[in-house]
Amino acid sequence: MQTLAYGEWPSPIDAATAAAHDGSPEFARFVGDEVWWTEPRPAEAGRRTLVRRRADGTEQSVLPAPWNVRSRVIEYGGLPWAGTVGDDGGPLVVFVHFADQRLYRYEPGGEPRPLTPVSPVGQGLRWAEPVLLPERGEVWCVLEEFTGDGPGDVRRVLAAVPLDGSAAEDRAAVRELSDGRHRFVTGPRLSPDGRRAAWIAWDHPRMPWDGTELLVADVTPDGTLGAARTVAGGPEESVAQADWTHDGRLLHSSDRTGWWNLYRDGEPLCPREEEFGGPLWKLGHRWFAPLDGGLIAVLHGKGPLALGVLDPETGEVVDAAGPWSEFSPSLAAHGERVVAVGAGPRSAHEVVELDTRTGRARVIGAAHRDAVDPAYYPEPRVRTFTGPDGREIHAHLYPPHHPDCTGPAGDLPPYVIWAHGGPTGRVPLVLDLEIAYFTSRGIGVAEVNYGGSTGYGRAYRNRLREQWGVVDVEDCAAVALALADEGTADRSRLAVRGGSAGGWTTAASLTTTDVYACGTIIYPVLDLTGWGSGETHDFESRYLESLIGPLAEVPERYAERSPAAHADRLTAPFLLLQGLDDVICPPVQCERFLAQLAGRGVPHAYLTFEGEGHGFRRAETMVRALEAELSLYAQVFGLKPPGVPVLELGT
């Protein structure tokens, strides 16, 4: 073992390696007996491709560059493709292309053909959650249609698109199925006999984890929907998903008890203080999938979600064996087969298939391969800390780890507190080479699932109601100071970082506490008044009413909490990273913040990236951002990490 200063250990995990392994497979589905999914390509301008696993076990990237299978509905997107077996026995696929947001029809061996038109109004027409109905000659989808140039000039309906291409240049050929009375809708789920459709809807100012309605309507012989009736949900009840059993009974997940649990025709199936659902940030998330034999594949747990099979008659859940400790909401079923996306502390996300007849689970796609010797991976610990008022704070601790290096006796390592985005979300405990990039160099990381995070019940989630910028900041600080007090971290070398809502928490932490020596602020919210009055997209445009309070009633709170209003309090060096195409947290937020800071002599750097939106997807962007972040810590903490370009800090 070499004794080297913390933060200066040599590591084989460079920024390019971390960037190449960023992102995960998503939206796995069956096409006949085959499994298909979307997969990131950071080196190909950050596009997502469609991958097909053939019967012989080989994987094929179906669509070459520049095709990008990704929807922009509600900006965070949703299920962007669907597939079935066509009349010729081969796959028939429809997908959304990111560049123009048109829906395309594709049969391997041919070229994609557009099914929907381009609209010149506002940000056009967008599609998500396609349901292929070749017997009707249609694909049913969520349609998001802009009616003007403003971010709020938008309507969403269920719509039917002809599969023959007759709507490719004709908006009038798209048949609307729902009446547009709800601001947000999810894709329709058709009963096995095709006579009923179920979907979820909600309206401003609620977010889908606050309250939604489960709607059911009869499907008439001519393919129109009858009057919709609400069968579950409400202002304080979140229905996260709905589907039908093989015999036509309605399943849904609801948090009416304080936990997202499963119900069949309104009756609870497995009442537990666990989550069988989650926040609907993307349309098409699936936490359960009914099987033909009557069992139900489920993701469930308190904190991390496990993959299991629920017997609805007994309420018993049997979990799949395997190394995966976390599963993302991408369940699908075909016959008695289940496909999921799982990961663990030693493996990134991979496509997993469970045979419910044998109980055997195996990796079938996007298999994790170690980019470096796994001896350099962090060894995480699940911790629960005590915050203000004695409240529990859940966190993942990633101490510095290197097979051949240790820090000097008596020294404590620097630590970076990571605040997740959302803020209604949760950090999974999975292998992340961005974290390993730091821990393998001798810098610890602590991910905090602060109050407001999902996975721990509605009461934990509701801690952030009207307390954003308070509870999240307090919880992150409590973890940081606890690590210092217990002798895990160097009190003088604590940093904070986060993106989106985590960027807000980072900036708020730097302007309201003296806990941190520096911070990395990534595509953040910085000015609540501007963000809440037209500077963001429609989906989150009323989010602040629950996080802060109604602007008309508590305008002073918007100013009190905003980092942009308190730039004069900021003394710690920081790095600000921003995508120039971000419509969720636009660059104007950063510009306003920096203008308030001008002339105050605070060392900082502002890096912007053309072609990047909310969440960096291009390899070159991620490399630049990660190296800049490490350079910030090196300069502030007095480190000399080998091979890292120096970030120029101005004032």
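**Chat about prolines, pockets and cores**

Trainee: Starting with P66, where does it lie?

Mentor: P66 lies in the loop between β5 (59-61) and β6. Keep in mind that this is a predicted model.

Trainee: Okay. And the peptide bond from A65 to P66, is it cis or trans?

Mentor: The bond from A65 to P66 is cis, and its omega is near 10 degrees. Most peptide bonds are trans.

Trainee: What kind of peptide bond joins H204 and P205, cis or trans?

Mentor: H204 and P205 are joined by a cis bond too, with omega at about 5 degrees. P205 lies in the loop between β16 and β17.

Trainee: While we're on backbone angles, what is phi of F27?

Mentor: Phi of F27 is near 55 degrees, so positive in a residue other than glycine. Most residues other than glycine have a negative phi. F27 lies in strand β2, and F27 counts as buried, at 4% relative accessibility.

Trainee: And E466, what about its phi?

Mentor: E466 isn't a glycine either, and its phi is positive, about 60 degrees. You'll find E466 in the loop between α3 (458-461) and α4.

Trainee: Is E466 buried or partly exposed?

Mentor: E466 counts as partly exposed, with 34% relative accessibility.

Trainee: New topic: cysteines. How many disulfides turn up in the whole structure?

Mentor: Zero, from a search of the whole structure.

Trainee: Why does C585 have no bond to the closest cysteine sulfur?

Mentor: Because the closest cysteine sulfur, in C590, is 8.5 Å from the sulfur of C585, and that is too far for a bond. The cut-off for a disulfide is a pair of cysteine sulfur atoms within 2.5 Å.

Trainee: Are C585 and C590 buried or exposed?

Mentor: C585 is buried, with a relative accessible area of 1%. C590 also counts as buried, at 0% relative accessibility.

Trainee: On to pockets. What volume does the second largest pocket have?

Mentor: About 1,200 Å³. The second largest pocket is lined by 38 residues, and the closest to its centre are F30, V131, R189, D243 and A333.

Trainee: Which element gives the most to that lining?

Mentor: β10 does, giving five residues to the lining of the second largest pocket. Elements that give two or more residues include β2 (26-31), β19 (239-244) and β27 (326-334).

Trainee: How does the lining of the second largest pocket split by class?

Mentor: It has 20 nonpolar, ten polar and eight charged residues.

Trainee: How many cavities of 30 Å³ or more are there?

Mentor: The search of the whole structure finds four. The largest cavity has a volume of about 100 Å³, and its lining includes W209, D210, R461 and Y543. That lining divides into four nonpolar, three polar and three charged residues.

Trainee: What about the second largest cavity, what's its volume?

Mentor: About 80 Å³. Of the 14 residues that line the second largest cavity, T186, I200, Q241, A242 and R286 lie nearest its centre. β16 (196-202) and β19 each supply at least two residues of that lining.

Trainee: Now the packing. Which residues touch the most other members in the largest nonpolar core?

Mentor: That core has 105 residues, and L225, I417, W468, L483, Y516, F539 and F574 touch the most other members. Helix α4 (residues 471-485) has the largest share of this core, with seven residues. Another core, of 42 residues, lies apart from it, and A19, L431, C518 and M622 are among its members.

Trainee: Where is L225 found?

Mentor: L225 is in the loop between β17 (213-218) and β18 (229-233). L225 is buried, with a relative accessible area of 14%.

Trainee: Which residues is L225 in contact with, leaving aside neighbours within four places in sequence?

Mentor: Among them are W140, L158, L177 and W199.

Trainee: Last one: what about G638, is it buried or exposed?

Mentor: G638 is exposed, with a relative accessible area of 55%. G638 lies in the segment after α10 (619-637).

Trainee: How are the C-alpha atoms of G638 and G7 separated, in space and along the chain?

Mentor: By 9.2 Å in space, with the two positions 631 residues apart along the chain. Leaving aside neighbours within four places in sequence, G638 is in contact with E8 and Y633.

Methods:
Residues are numbered from 1 along each chain as its sequence is written. This is a predicted model: local features need pLDDT of at least 70, side-chain atom pairs count only at pLDDT 80 or more; totals for chains, interfaces and linings use all residues. Side-chain values use heavy atoms; hydrogens and water are left out. Buried means under 20% relative accessible area, exposed over 50%, partly exposed in between (1.4 Å probe, protein chains only). On a 1 Å grid over the protein atoms alone, a cavity is a set of points where a 1.4 Å probe fits but cannot get out, and a pocket is an open set with protein on both sides within 12 Å along at least five of seven lines; lining residues have an atom within 4 Å of a point. Grid points are joined across faces, edges and corners, and a volume is the space filled by probe spheres set on the points. Helices (H or I, at least four residues) and strands (E, at least two) are DSSP runs, numbered from the N terminus. Ala, Val, Leu, Ile, Met, Phe, Trp, Tyr, Cys and Pro count as nonpolar, Asp, Glu, Lys and Arg as charged, and the others, Gly among them, as polar. A nonpolar core is a set of buried Ala, Val, Leu, Ile, Met, Phe, Trp, Tyr and Cys residues joined through side-chain atoms within 4.5 Å. Contact means heavy atoms within 4.5 Å.
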